[in-house]
Amino acid sequence: MNSVNFTYDGTFEGLLTCVFTAYEGKLQVSNIQVEEDVQNQLFSDIYNVITDVDKAKRVAKKLQLKTSPNGFKSMKWALLSEIKGIEMDVFEMIREVISNDAKVDTDYSHPSILKVTQMAKKISREKHRMEAFIRFRLTKDHIYFAVMEPDFNVLPVIIPHFTRRYADQKWIIYDLKRKIGAYYDLKKTEFIQLNLDPEIGISGASQRYFHKEESNFQILWQEYFTSTNIKSRINMRLHQQHVPKRYWKYLSEKSTFG
Amino acid sequence: MNFDRIKEKLSILADAAKYDVSCSSSGSKRTNTNKGLGDSSGMGICHSYTEDGRCVSLLKILLTNHCIFDCAYCVTRKSNDIKRAAFKVEEVVDLTMSFYRRNYIEGLFLSSGIFKSADFTMERLIRVAKKLRLEENFNGYIHLKSIPGASDELMREAGLYADRLSVNIEIPTKSGLKLLAPDKKHEDFMKPMEKVKNEIIQYKQEKKFIKSTPKYAPAGQSTQMIVGASGESDRDIMYSSAFFYKKYNMKRVYYSGYVPISDDPRLPALGSAVPMLRENRLYQTDWLMRFYGFDVRELLNQEHQHLDMEIDPKLSWALRNRDLFPIDINRVEKQILLRIPGIGLKSVNKIIQARKFRKLNWEHLKRIGVALNRAKYFIICDSREKELVEYSSDHLKNIIIKTSVSKFRKEISPQLSLFA
C-alpha cells in the first residue's frame with residue numbers, strides 16, 4: 001500500500017474530507033499540510049483534497065457519536081493553532097476514536113490525543129484572553145472597532161461571545177496578523193477584509209477616523225485604572241503574570257498616549 | 001458631557017471605592033434576550049489587572065463620598081478632611097454604558113457614602129440600576145451595595161434590578177463595631193441581609209410554579225470584613241464568617257487586610273504593613289469551610305484562636321490530628337481525601353478518576369499535581385518506599401517549611417532566612 005501526502009484548505013471541514021478520502025481509498029496517510037504552505041511540490045507525490053461539505057458532515061456525525069462534546073471541540077480547536085504538523089495529530093486522534101468501540105477521547109496516555117487536548121486548552125486560554133483584552137474604539141461612522149494579533153487564529157471562536165454581548169451596536173474585530181476581521185451589522189456577523197490605513201493604529205484615537213469623544217473615554221478609563229489601584233499593596237509580578245507585556249500595546253489603560 | 005469634571009469625580013469616587021475587594025462578576029443568569037447591550041450568563045471576565053495584582057472586572061465607584069457617619073476605619077468618614085464629590089444618576093449610567101460598549105468592564109459595582117438617610121441613599125442607587133435595566137436595556141452585571149438600615153420595600157426593589165447585593169459588616173465583633181463605628185447599630189447591617197435572603201428564597205419557590213417570576217438578585221449576596229483593624233482574633237473573624245454563610249446563605253465573604261488611612265489611636269498607625277499573609281490564610285480557611293467539608297471549630301477554637309502564619313490551615317490541622325493519618329489514597333472516600341494536606345479539589349477529582357483503572361503510586365500522584373512535599377507524610381499509596389516517618393509534629397512542620405517555597409517567605413519568620 002502506497003502512502004500519500006495530502007494538502008487541504010486549512011479548514012476543519014477540509015481535514016474531515018481528508019479523513020473521508022483516506023478511509024474511502026484505504027490510503028495510508030503520511031502527511032497532511034495546508035495547501036498554501038507547500039512549495040516545490042513538483043516532484044513529490046501530493047494529493048490535493050478538495051473540501052466536500054457532505055463528506056465532512058458524515059465524518060463529523062460519526063465523530064460526535066464516538067466522543068464527548070469536549071473531545072470533538074478539541075479536535076476542531078486544535079487546528080486553529082496553525083502549528084505545523086498538528087493535522088497529523090488530529091488525524092491520528094480521529095483514527096484512534098473511530099477504531100475503538102469505547103469513547104477514547106479522554107485517554108491521555110495516547111500521545112496524539114494528549115497533544116490535541118493540550119493544544120485545544122491553549123486555544124481556549126487565548127480565546128478567553130481576547131474576550132477580556134479586546135478594546136473597542138468608536139469610529140466616526142458609529143462602529144465600535146478593535147484590532148488584535150492573537151497567537152492563534154481565535155477569531156472564529158470569539159465571534160459568538162461578542163455577537164451575543166454586543167447585540168445593539170455595530171462592531172468590527174480585526175486580526176492584523178491574519179488580515180481578516182469580523183463585522184457585526186446589527187443583524188449578523190460576517191468575515192471581512194480591509195485595507196487599513198496605518199493612522200488607525202492599535203490604540204489612541206486619530207481624529208480622522210474616530211469619534212471626537214473617543215479619546216476622552218480612553219482618558220477616563222486610564223483615570224479609573226490608576227485610581228482603583230491600592231499603592232500600598234503593589235505587586236508588579238502578579239500584575240504582569242495576569243496581563244503579559246505582549247498585550248500592553250492594545251490596552252488603552254496600559255498605553256502611554258494622551 | 002463635561003469630561004474634565006467627570007474625570008475629577010471619577011478619580012475621587014473610584015479611589016474611595018477601591019477598598020471594597022469584591023470584584024466577582026460571575027454567577028448571574030442574565031442572558032441578552034432583548035437585543036439589548038450585554039450578557040452576564042457565562043463566567044466572569046477580568047478585563048484588566050491593576051498594579052496591585054487585583055482583577056478589574058466591574059466599574060467600582062461610589063455614588064458620593066459625602067457621609068453622615070464617622071466610622072474610624074473608613075476614608076469617607078465625616079471627620080476626614082478630603083475632597084468630596086457626587087455623581088448624578090445620569091453620569092453613572094453614561095459611564096457604565098460607554099465603558100461596557102468598549103469592552104472595558106463586565107458591569108457596575110455601585111456603593112455610596114450615606115447622605116441624609118439610609119433610605120434616601122438606597123433609593124438613589126436603585127435609580128441608577130433601574131435606569132440601566134429599563135431605559136438602556138443593559139444586561140451586564142450590576143452589584144449594588146445594600147445600605148445598612150434601608151427599608152424592606154427598597155431592598156425588595158433593589159434585587160429586581162441588581163445581580164448581586166452586599167452589605168459590608170466590616171468589623172467582625174460587636175465590641176469592635178461599638179469602638180470604631182459608634183453611630184452604627186449591629187442590627188442595621190442584619191436587616192437588609194435578612195430581607196434579601198428571604199426574597200431569594202421566595203423567588204426560588206415562586207419560580208417553580210410561575211416561570212415569568214421576575215429575577216431577584218440571581219448572583220446572591222456577599223459581605224466583607226476588615227482584617228487587622230480592631231484587634232480581633234482569627235477565630236472571631238471566621239466564626240462570624242461561618243455565621244453569615246449559614247444564616248444568610250452568603251455566596252461569598254471577603255476579607256480585606258486593613259490599609260492604614262488614619263492617625264486615629266484606635267487603629268494601626270499610618271505606614272504599618274497591610275496584613276496580606278493573614279488575609280491569605282483567612283481565605284484558605286474560608287475555602288476549607290466551603291469546599292473541603294471542614295467545620296470552622298476544627299480549624300479554630302478555644303485553644304487555637306489564631307491561624308498558624310507559617311503553614312496553611314489544612315496542614316496545621318493535620319499536624320494536630322496525627323492519629324487520623326496515614327491515609328491510603330487508593331481506598332478512602334472523597335470526604336477523607338479532601339482532608340489530606342497538599343491535595344486540592346482538582347487533585348482529589350483526578351485521583352478518584354485515575355484509581356478506577358489502576359492503583360496509584362508516588363509517580364502517578366506527582367503527575368496528577370499533588371504537592372508531595374506536604375502530602376507524602378500523611379498518605380500511603382501503591383509504592384514500596386514509605387515516606388512516613390515517626391517524626392513529632394513540630395519536627396515535621398520544620399521539615400515541610402524548609403522544603404517548600406512560599407511567596408510569603410519574607411513575611412514569615414526571620415528564622416527562615418537561616419535555612420534558606
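**Reading the core and the interface**

Author: Let's start inside this predicted model. Setting aside neighbours within four places in sequence, B:Ile61 is in contact with A:Tyr224, and on its own chain with B:Leu10, B:Leu13, B:Ala14, B:Ala17, B:Phe87, B:Val92, B:Leu108, B:Phe109, B:Leu110 and B:Ser111.

Reader: Which residues touch the most other members of the largest nonpolar core?

Author: The general idea first: in soluble globular proteins, nonpolar side chains tend to be buried together. Here the largest such core holds 128 residues, and B:Ile61 and B:Phe99 touch the most other members. There's also a second, separate core of 35 residues, with B:Tyr292, B:Leu299, B:Ile329 and B:Ile368 among them.

Reader: Now the two chains. How many residues of chain A are in contact with chain B?

Author: To read an interface, look at contacts and then at buried area. Here 47 residues of chain A meet 48 of chain B. Together the chains bury about 4400 Å², with 57% of that on carbon and sulfur atoms. A:Arg165, A:Tyr224 and A:Arg233 supply 19% of the area chain A buries against chain B, more than any other three residues.

Reader: And how many salt bridges are there between chain A and chain B?

Author: Six. One to look up is A:Asp168 with B:Arg101, where the closest N and O atoms are 3.0 Å apart. The interface also has 29 residue pairs in polar contact, both residues at pLDDT 80 or more.

Reader: Which helix gives the most to the side of chain A that touches chain B?

Author: H7(A), with 11 residues. Helices H5 (111–133), H6 (155–165), H7 (214–227) and H8 (236–242) of chain A each supply at least two residues of that side.

Conventions. Residues numbered from 1 in each chain as written. Chains lettered and ligands numbered in written order. Predicted model: local features only at pLDDT ≥ 70, side-chain atom pairs only at ≥ 80, totals over all residues. Heavy atoms only, no water. Core = buried A, V, L, I, M, F, W, Y, C linked by side-chain atoms within 4.5 Å. Buried < 20%, exposed > 50% of the residue type's maximum accessible area, 1.4 Å probe, protein only. Contact = heavy atoms within 4.5 Å. Buried area = accessible area lost by both parts, 1.4 Å probe. Salt bridge = Lys/Arg side-chain N within 4 Å of Asp/Glu carboxyl O. Polar contact = N/O pair within 3.5 Å; in protein donor to acceptor, adjacent residues only side chain to side chain. Helix = DSSP H or I, 4+ residues; strand = E, 2+ residues; numbered from the N terminus.
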